[in-house]
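Please open the model in your viewer and keep the selection panel at hand. The stops below are meant to be followed in order.

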Amino acid sequence: MKQYKKPYQLKNLAKDKLQGKYGAAMLVLLMYGLITGSVSMLVSSISGTTTATVYAMTDSIPAAVAITVIFELINLAAVIVLGILRAGMTLFYLNVACGQPHATVNLFYGFQRDSGKALILSGAMGLCNAVCLYPYQYCLNAYLRTHDPKMMLITFVVMAIGFCVYVPVSLGLSQIFYLMLDYPDRTPKETLALSFQVMKNNKGRLFYLQLTFIPMIILGICSLGIGFLWLTPYMQMTYTCFYLDIMKPAEN
């Protein structure tokens, strides 16, 4: 009978794996955040300026909305392309967890090898986020503009539906980059199917593991974000240990 590790055991294992390697783990995540954050801020800045200019020139709300939608699609495309970096970040943490040589350049693995597969997998995650979360964001923005009580109710309903869809689908997709690295001969479609297969009876375990980090996340917010320099690598390594555990659990 398979015996899976409990959350506290995975967390303790993650601490052991990161011993003496926190500096490199922080650097990888800082590089990832800097690259993705810079691109997102650039697109948002250009979007805001362009939308305001178009509205000032045309005095047309539909024209401004059209520009906003175009830039939302550009931002989604940028998120999907930069999502390839997650393959490299996954490789780095897998190497650390398995005692293999690791380096910050691992972050760019997805752009150096299997870039097509990494792009498709990143696209699957990006589309999941867009389909489940964008409608809520649109409704929220509409409510903030109009302060219509009906729109507030619609926003809550859309948020609830999106959350109910997003949680199981995102949990099913959570292992795609680990599996891409461990099974390089699998096609993107097979990798996606395998991720849902290995997570079939493990979604609840991963969701609970994620919830256990909420107190630490609150402390990280209270520290003005400084605590995330230690917390984020710790969380990432814990999720890596979770993957290794579900792929090769102990026998009881």
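Select R205 to begin; in this predicted model the residue has a relative accessible area of 23% and therefore counts as partly exposed. Display its side chain together with that of D245: the two meet in a salt bridge, with an N to O distance of 3.3 Å. R205 belongs to helix α10 (residues 203-211) and D245 to helix α12, so this pair ties together parts that lie 40 residues apart in sequence.

Keep D245 selected and add K5. The side chains of D245 and K5 also form a salt bridge, here at 3.8 Å from N to O. This pair links distant parts of the chain, 240 residues apart: D245 sits in helix α12 (residues 228-247), whereas K5 is in the loop between β1 (2-3) and α1 (7-18).

Are the partners in this second pair buried or exposed? D245 has a relative accessibility of 2%, under the 20% cut-off, and so counts as buried. K5, with a relative accessible area of 34%, is partly exposed.

Now show the three side chains together. Because salt bridges that share a partner are joined, K5, R205 and D245 make up one network. A search of the whole structure finds 2 salt bridges.

Next, turn to the nonpolar interior. The largest nonpolar core contains 49 residues, and Y93 and M237 have the most contacts inside it. Select Y93 and display what surrounds it. With neighbours within four places in sequence left aside, Y93 is in contact with L18, A25, L29, P233, Q236, M237 and T240.

The last stop is helix α6, residues 115-146. How far apart are its end C-alpha atoms? They are 43 Å apart; at 1.5 Å a residue, the 32 residues of the helix should span 46 Å, which agrees.

Move along α6 to L133, where there is a kink of about 40 degrees, shortly before the proline P135. Then colour the buried residues of the helix: K117, A118, L121, S122, G123, M125, G126, C128, A130, C132, C139 and A142. Finish at H147, which follows α6 and has a positive phi, near 55 degrees.

Key: Residues are numbered from 1 along each chain as its sequence is written. This is a predicted model: local features need pLDDT of at least 70, side-chain atom pairs count only at pLDDT 80 or more; totals for chains, interfaces and linings use all residues. Side-chain values use heavy atoms; hydrogens and water are left out. Helices (H or I, at least four residues) and strands (E, at least two) are DSSP runs, numbered from the N terminus. The expected span of a helix is 1.5 Å times one less than its number of residues. The bend at a residue is the angle between axes fitted to the seven residues ending there and the seven starting there. Buried means under 20% relative accessible area, exposed over 50%, partly exposed in between (1.4 Å probe, protein chains only). A salt bridge is a side-chain nitrogen of Lys or Arg within 4 Å of a carboxyl oxygen of Asp or Glu. A nonpolar core is a set of buried Ala, Val, Leu, Ile, Met, Phe, Trp, Tyr and Cys residues joined through side-chain atoms within 4.5 Å. Contact means heavy atoms within 4.5 Å.
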